[in-house]
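Have your viewer ready and follow along, one selection at a time. Each stop tells you what to pick next and what you will find there.

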Amino acid sequence: MKTSLVVAAAVMLFSFSASAANTMKPHHEDALDCRTCHTTKGKFQRPEAETCIECHGGMSEIPTKPNRWDKNPHNSHHYEDLLECTTCHSEHKASEAICVECHVVEFPNLK
């Protein structure tokens, strides 16, 4: 019984790992593996903002395409540049700007 439980847990863990690896965004797929972003907390935890900043730069350095509302989500009047990257961006599922919870706004290059 105990052995079958361990085997079942290992299969579930492998399945999750394999499916997460297969859902990486195309712009990261060829250059990264799990350890690139999941450095200190383990692969089931969100990476720290510093991990994103190492490759992408700080909020003020990230280009944002113009939009019809002339808004820069990386410099919000609500949060300035204090939000964690993973508040809006996700590697293994669709990203979503928290701005849309209250505002009608679209960011065409949200990845």
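**First stop: Leu-83.** Select Leu-83, which sits in the segment after α4. Keep in mind as you look around that this is a predicted model. Leu-83 counts as partly exposed, because its relative accessibility is 27%. Now show what surrounds it: apart from neighbours within four places in sequence, Leu-83 is in contact with Met-59 and Ile-98. Add Ala-49 to the selection and draw a distance between the C-alpha atoms: Leu-83 and Ala-49 are 34 residues apart along the chain, and the line should read 8.7 Å.

**Thr-51.** Next, select Thr-51, in helix α4. Is Thr-51 buried or exposed? Its relative accessibility is 12%, so Thr-51 counts as buried. Setting aside neighbours within four places in sequence, you will find Thr-51 in contact with Thr-36, Cys-37 and Thr-39. Another C-alpha distance to draw runs from Thr-51 to Cys-85: these two are separated by 34 residues in sequence and by 9.6 Å in space.

**The cysteines.** Cys-85 makes a good bridge to the next stop, so colour the cysteine sulfurs. How many disulfides does the structure hold? The count is 0. Start with Cys-52, whose closest cysteine sulfur belongs to Cys-85. Those two sulfurs are 4.0 Å apart, which is too far for a bond, because a disulfide requires sulfur atoms within 2.5 Å. Then move to Cys-34, where the closest cysteine sulfur is that of Cys-37, at 8.8 Å, so this pair is also too far apart for a bond. While Cys-34 is selected, switch on a surface: Cys-34 is partly exposed, because its relative accessibility is 35%.

**A salt bridge.** Stay in this part of the sequence and pick Arg-35 together with Asp-33. Their side chains meet in a salt bridge, with nitrogen and oxygen 3.0 Å apart. As background, side chains of opposite charge can pair when their charged atoms come close. The count for the structure comes to 1 salt bridge. How accessible are the two partners? Arg-35 counts as exposed, because its relative accessibility is 65%. Asp-33 is at 36%, so it counts as partly exposed.

**His-38.** A little further along, select His-38, in the loop between α3 (34-37) and α4 (49-56). With a relative accessible area of 17%, His-38 is buried, because the cut-off for buried is under 20%. Now look for a partner of its side chain: a polar atom there lies 2.9 Å from the backbone oxygen of Gln-45.

**Ser-90.** Jump to Ser-90, back in the segment after α4. Follow the side chain of Ser-90 to the backbone nitrogen of Lys-93, which it reaches at 3.5 Å. Then show the contacts of Ser-90 beyond four places in sequence: these are Lys-25 and Ser-95.

**Zoom out.** Clear the selection and show the protein chain as a cartoon. It has 4 helices and 0 strands, and the order from the N terminus is α-α-α-α. Of the 111 residues in the protein chain, 23% are buried. The chain exposes about 8700 Å², with carbon and sulfur atoms supplying 58% of that area. If you display contacts between residues at least 6 apart in sequence, 51% of them join residues at least 24 apart.

**Last stop: colour by confidence.** The mean pLDDT of the protein chain is 75, and 77% of its residues reach 70 or more. Where is confidence lowest, and where is it highest? The lowest is helix α1 (residues 2-21), with a mean of 44, and the highest is α4, with a mean of 89. Select residues 3-21 to finish: pLDDT stays under 50 there, and the model has 4 contacts for this stretch beyond four places in sequence. Where pLDDT is low, the predicted coordinates should not be read in detail.

Technical notes. Residues are numbered from 1 along each chain as its sequence is written. This is a predicted model: local features need pLDDT of at least 70, side-chain atom pairs count only at pLDDT 80 or more; totals for chains, interfaces and linings use all residues. Side-chain values use heavy atoms; hydrogens and water are left out. Helices (H or I, at least four residues) and strands (E, at least two) are DSSP runs, numbered from the N terminus. Buried means under 20% relative accessible area, exposed over 50%, partly exposed in between (1.4 Å probe, protein chains only). A polar contact is a pair of N or O atoms within 3.5 Å; within protein, one must be able to donate a hydrogen and the other to accept it, and residues adjacent in sequence count only if both atoms are side-chain atoms. pLDDT is the predictor's confidence in each residue, from 0 to 100. Contact means heavy atoms within 4.5 Å. Accessible areas come from the Shrake-Rupley method with a 1.4 Å probe; for residues, only the protein chains shown count as cover. A salt bridge is a side-chain nitrogen of Lys or Arg within 4 Å of a carboxyl oxygen of Asp or Glu.
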